[in-house]
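I opened this notebook to record what I looked up in one structure, entry by entry. The entries are meant for a reader who has not met the structure before.

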Amino acid sequence: MHLDQRSTTLAIFCKVVDNFGDIGICWRLARQLHGEHGIAVTLWVDDLASFRRIWPSVAIDADTQIVDGVRVVHWRGQDDAFAPADVADIVIEFFGVDIPPGYIAAMAQCEPRPVWINYEGLSAEAWVEGCHTLPSMHPRLKLTKHFFFPGFTPQTGGLLRERNLLAARDRFQADPAARAGFLARLGVTADEQAAPTVSLFCYPQAPLADLFAVWRDGGRPLTCLVPQGVARAQVGDFLGAEPVPGAHATRGSLSVRVIPFLSQEDYDRLLWSCDLNFVRGEDSWVRAQWAGRPFIWHIYPQDENLHHVKLRAFLHKYAANLPGLIDFSLRWNGVEEDAPTDWPALWTSLQAGLPAITERNIEWQTLMLANGDLVSNLLDFARSLR
Ligand code: TRH
């Protein structure tokens, strides 16, 4: 049976491990599958409160709800029973979460079997290409799961990108009034808007106090916009106040303002509005690449510094000829801390490299566009299995 677009059903199982990346990516995936491909999507989420942070129209007490055409089910546990009729044509387990055993048992009774995909994390490491689309047989049941990896090359699933994203970005960035109105809506004053503006989204252990000191003593005004909840302790220390939306302070050349934690769509507008974006994890990292502005990536920390390998792999591919960006990124991520970090020198070198980084972003986007968008690639792969 071919996966006819009009009748295809798809289920995504998402557990919010910590932070917002899991639900951020799954929600983006679900919206695009439904909105651009007409697929009937059911998104199973365990933590509706986190979901609501990035999409305010989500009800946190509903067992089932329709949000933007996507059926959202509150995933409460592993004990539910399912019939084959409950099983979708395509089943996606995000980051290898354990799908309810009853659902898997029902999958094994379906004829034809559903396409079962383990959606993996994004990495620039070379081994990803060899694992992308690999099959894995279920130990007991007649079921096969396939690994699907986002990535930066044609031998991977590519990057998530909505069909209208770049056109919407270009319209916004070509319209100073759109930026002014958007930032004003967040409480950013005209003076703050007039200075070079940085958005900050990082993990709490970022060396933020050091960077704030460089910006404070830099001699040229700089505005830093921080969504609520980001690096709360260090931002609070700088402000000398609770880092709640609207809290702000200017010390020396640096103005820091806490803005509300934004919807996913407004977060894109923030990235499009700023001259430099500090991003983290996976989804905001990809959004920064599509925003076309220079960005610094704070990678999700892993044990035994495994994330350092992943960071270097990306920097090697993206920033090979941008030494100022590499040096700054490594130190921002706590790599190569053998000698004391000269933050003023790192910031000066990064700033000097911004024109070359902007050039590289244009080239990088062309390369990424050539890989196709992840959702189309995923559907093509799923159809190839049926
Ligand atoms: O929140 P994160 O650190 O999520 C992490 C990473 O995804 C990591 O890879 C994963 O292993 C871990 O979760 C479990 O960073 P990320 O991936 O950028 O996800 C944040 C989401 O929140 C993203 O979709 C952007 C969105 N966001 C908003 O919607 N509004 C905001 O104001 C901000 C700052 C982010």
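The entries below go from domains to cores, the ligand, and then single residues.

**Entry 1. Domains**

I note at the outset that the model is predicted. I looked up the domain assignment of the protein chain and found domain 1 (9–159 + 371–384) and domain 2 (165–370). I then took the C-alpha centres of the two domains, which lie 30 Å apart. The contact between them takes 24 residues from domain 1 and 27 residues from domain 2.

**Entry 2. Nonpolar cores**

Which residues have the most contacts inside the largest nonpolar core? I found Phe212, Trp215, Leu270, Phe278, Phe328 and Trp332, in a core of 74 residues. This core draws at least three residues from each of domain 1 and domain 2. I recorded a second core apart from it, of 39 residues, with Trp55, Ile90, Ile117 and Phe261 among them. As background, I noted that nonpolar side chains tend to be buried together in soluble globular proteins.

I chose Phe328 for a closer look. Leaving aside neighbours within four places in sequence, I listed its contacts as Leu211, Phe278, Ile296, Trp343, Leu346, Trp347 and Leu350. Phe278, one of these contacts, is also named among the core residues with the most contacts.

**Entry 3. Helix α10**

Is helix α10 (residues 264–273) largely enclosed or largely open? I found it largely enclosed by the rest of the structure, because 8 of its 10 residues are buried. I wrote down the buried ones: Gln264, Asp266, Tyr267, Asp268, Leu270, Leu271, Trp272 and Ser273. Leu270 had already appeared in my entry on the largest core, among the residues with the most contacts there.

**Entry 4. The ligand**

How many residues surround the ligand? I recorded 22, of which the closest are Gly21, Tyr203, Leu262, Asp283 and Ser284. I then looked up individual atom pairs. A ligand oxygen atom is 2.9 Å from a polar backbone atom of Phe20. A ligand nitrogen atom is 2.7 Å from a polar backbone atom of Leu262. At Asp283 the partner is in the side chain: one of its N or O atoms is 2.6 Å from an oxygen atom of the ligand. On its own the ligand has 700 Å² of accessible area, and the protein covers 96% of this.

**Entry 5. Helix α7**

I looked up two residues of helix α7, Gln193 and Ala190. Gln193 has a relative accessible area of 13% and is therefore buried. Leaving aside neighbours within four places in sequence, I found Gln193 in contact with Arg179, Ala180, Leu183, Ala184 and Val188. Ala190, at 59% relative accessibility, counts as exposed. I also took the C-alpha distance from Ala190 to Ala180, which is 7.9 Å for a pair 10 residues apart in sequence.

**Entry 6. Asn371**

I placed Asn371 in the loop between α15 (354–369) and α16 (374–384). Is Asn371 buried or exposed? I found it buried, with a relative accessible area of 12%. Its contacts, leaving aside neighbours within four places in sequence, are Phe152, Thr153, Pro154, Gly158 and Asn377.

**Entry 7. Gly77**

I found Gly77 in the loop between β4 (70–74) and β5 (90–94). Its relative accessible area is 31%, so Gly77 is partly exposed. Gly77 and Pro100 are 23 residues apart along the chain, and I recorded 7.5 Å between their C-alpha atoms.

**Entry 8. Backbone angles**

Which peptide bond is cis, with omega near -5 degrees? I found the bond from Glu111 to Pro112. Pro112 lies in the loop between α3 (101–107) and β6 (115–119).

I then looked up positive phi values in residues other than glycine. Thr133 has phi near 70 degrees and sits in the loop between α4 (127–131) and β7 (135–137). I noted Thr133 as partly exposed, at 28% relative accessibility. Ala231 has phi near 45 degrees and is found in the loop between β10 (222–227) and α9 (232–239). With a relative accessible area of 5%, Ala231 is buried.

Definitions and conventions:
Residues are numbered from 1 along each chain as its sequence is written. This is a predicted model: local features need pLDDT of at least 70, side-chain atom pairs count only at pLDDT 80 or more; totals for chains, interfaces and linings use all residues. Side-chain values use heavy atoms; hydrogens and water are left out. A nonpolar core is a set of buried Ala, Val, Leu, Ile, Met, Phe, Trp, Tyr and Cys residues joined through side-chain atoms within 4.5 Å. Buried means under 20% relative accessible area, exposed over 50%, partly exposed in between (1.4 Å probe, protein chains only). Domain bounds come from an automatic or database domain assignment. Contact means heavy atoms within 4.5 Å. A residue is near a molecule or strand if one of its heavy atoms lies within 4 Å of it. A polar contact is a pair of N or O atoms within 3.5 Å; within protein, one must be able to donate a hydrogen and the other to accept it, and residues adjacent in sequence count only if both atoms are side-chain atoms. Accessible areas come from the Shrake-Rupley method with a 1.4 Å probe; for residues, only the protein chains shown count as cover. Helices (H or I, at least four residues) and strands (E, at least two) are DSSP runs, numbered from the N terminus.
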